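The following paragraphs lead the reader through a structure, beginning with a single residue and moving outward to its surroundings. Please keep the sequence and the model in view.

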Amino acid sequence: MEAAHLERTIESPIAFSGIGLHSGAPVKMRLLPAPAGSGIVFRRTDLDNFEIAATGRNVAKVSYATSLMRQGVLISTTEHLLSALVGMGIDNVTVELDNLELPILDGSASPYIEAFARVGIKSQRRRREYLRILKSIEVREGNKFIAIYPGEGFSISYNIHFPAPIGCQAFTVDLAAGCYGTQIAAARTFGFREDEKKLRDMGLIRGVSPENAIILCKDGVQNGPLRFSDEFVRHKVLDLIGDLALAGHHILGRVVAERAGHAMHTALVYRLLRDRSAWQMVHFPAPKRNAAPATAPRLVAAELGSLS
Ligand SMILES: [Zn+2]
């Protein structure tokens with residue numbers, strides 16, 4: 001069996017600490033190796049180890065970040081960590097944290113990638129199941145658009161249109177090519193100075209600083225230099241990868257997004273999981289014709305009833 005198609009976890013625990021971008025709350029976080037088949041599960045150590053799995057049924061409806069909620073317990077701003085895990089092909093990890101929001105770190109996924117490299121990633125004795133896209137699903141809202149199409153590998157094309165100095169940027173990446181670490185991970189989150197007061201008054205960016213976000217004004221970047229000339233669209237790709245992780249499985253398909261954001265990303269996940277004719281679970285490479293059919297996806301199927 002090719003190791004590339006086995007589930008993976010980290011070799012040993014990793015500790016992080018920092019503050020939440022939105023809450024400004026201090027948080028300690030630990031990533032722990034987890035058994036094959038367990039997926040990504042968050043655990044609030046400050047709330048009797050209450051657990052919330054990173055799956056579509058637990059998505060909380062907020063627009064500025066992707067958060068999970070179960071029985072009123074919140075885990076906020078999960079997208080950068082989930083992106084790093086998917087991008088590096090890590091299936092099973094327990095994420096302990098002692099507050100409600102993940103640390104923003106430097107605003108990118110680089111600290112995660114560096115930590116994974118430090119401790120190592122190991123294959124487990126279980127074949128990875130992929131969610132293979134069988135038909136197109138398109139979500140449109142005004143001039144925002146996101147869609148997923150059948151395709152080999154897992155590719156993402158993103159177009160953004162922002163006021164100056166960002167303007168229009170486009171980026172396409174095929175994650176199956178293994179380029180997450182070099183092309184996506186380092187791209188940081190960003191915000192406009194003119195929105196700052198409003199967002200601060202709303203309590204949405206209590207933790208923001210020039211150390212964890214690119215700050216923009218009309219004339220340009222206030223805390224340069226950029227890590228890529230098109231860092232903004234690369235960060236949108238990073239966010240999208242993290243949000244699509246809530247499908248609960250690695251995806252075989254092609255995603256196209258234009259002017260989208262977290263709400264559109266998670267709307268696509270909802271639509272996808274609800275339409276049972278749009279995908280099938282497969283092992284990779286695809287089974288031969290006389291082989292047993294791919295098993296029904298227990299996890300995803302169980303979630304369908306609770307999606308709204
Ligand atoms: Zn982000």
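**From one residue to the core**

Leaving aside residues up to four places away in sequence, Ile156 touches Thr172, Val173, Val237, Leu240, Ile241 and Val255. The model under discussion is a predicted one. Ile156 belongs to strand β14. With 23 other C-beta atoms within 10 Å, Ile156 is buried, because 20 or more such atoms are enough for a residue to count as buried.

The contact between Ile156 and Val173 joins positions that are 17 residues apart in sequence, yet their C-alpha atoms are 5.5 Å apart in space. The pairing of strands provides the setting for this contact. Strand β14 (residues 154-162) pairs with strand β15 (residues 167-174) in the antiparallel sense, over 8 bridges. A hairpin of 4 residues joins β14 to β15. Within this pair, Ser155 stands opposite Asp174 in β15.

Other partners of Ile156, including Val237, Leu240 and Ile241, direct attention to helix α5 (residues 231-244). The axis of α5 comes within 7 Å of that of helix α1 (residues 79-87), and the two cross at roughly 85°. The helices are therefore roughly perpendicular to each other. On the α1 side, the contact is made by Glu79, His80, Leu82, Ser83, Val86 and Gly87; on the α5 side, by Leu238, Asp239, Ile241, Gly242 and Asp243. In composition, the residues of this contact divide into 4 nonpolar, 4 polar and 3 charged. Ile241 thus appears both in the helix contact and among the residues touched by Ile156.

The nonpolar core is the next topic. In soluble globular proteins, nonpolar side chains tend to be buried together. The largest nonpolar core here holds 73 residues, of which Leu85, Val237, Leu244, Ala245 and Ala247 touch the most other members. Helix α5 supplies the largest share of this core, 7 residues. Leu85 touches Ile40, Ile90, Val93 and Ala245, again not counting residues up to four places away in sequence.

A further sheet remains to be described. Three strands form an open sheet, in the order β6-β7-β8, with antiparallel pairing. Strands β6 (59-60) and β8 (73-75) stand at the edges with a single partner strand each, so one side of each is left without a neighbour in the sheet. Strand β6 pairs with β7 (residues 67-70) in the antiparallel sense over 2 bridges, and Val59 stands opposite Leu68 in β7.

Terms used. Residues are numbered from 1 along each chain as its sequence is written. This is a predicted model: local features need pLDDT of at least 70, side-chain atom pairs count only at pLDDT 80 or more; totals for chains, interfaces and linings use all residues. Two strands pair if DSSP finds at least two bridges between them. Axes are lines fitted to C-alpha atoms, for helices over the stretch in contact, and angles run from 0 to 180 degrees between N-to-C directions. Angles under 35 degrees count as roughly parallel, over 145 as roughly antiparallel, 65 to 115 as roughly perpendicular and the rest as oblique. Two residues are in contact if their C-beta atoms, placed from the backbone, lie within 7 Å. Ala, Val, Leu, Ile, Met, Phe, Trp, Tyr, Cys and Pro count as nonpolar, Asp, Glu, Lys and Arg as charged, and the others, Gly among them, as polar. A nonpolar core is a set of buried Ala, Val, Leu, Ile, Met, Phe, Trp, Tyr and Cys residues joined through C-beta atoms within 7 Å. A residue is buried if 20 or more other C-beta atoms lie within 10 Å of its own, exposed if 12 or fewer, and partly exposed in between; C-beta atoms are placed from the backbone.
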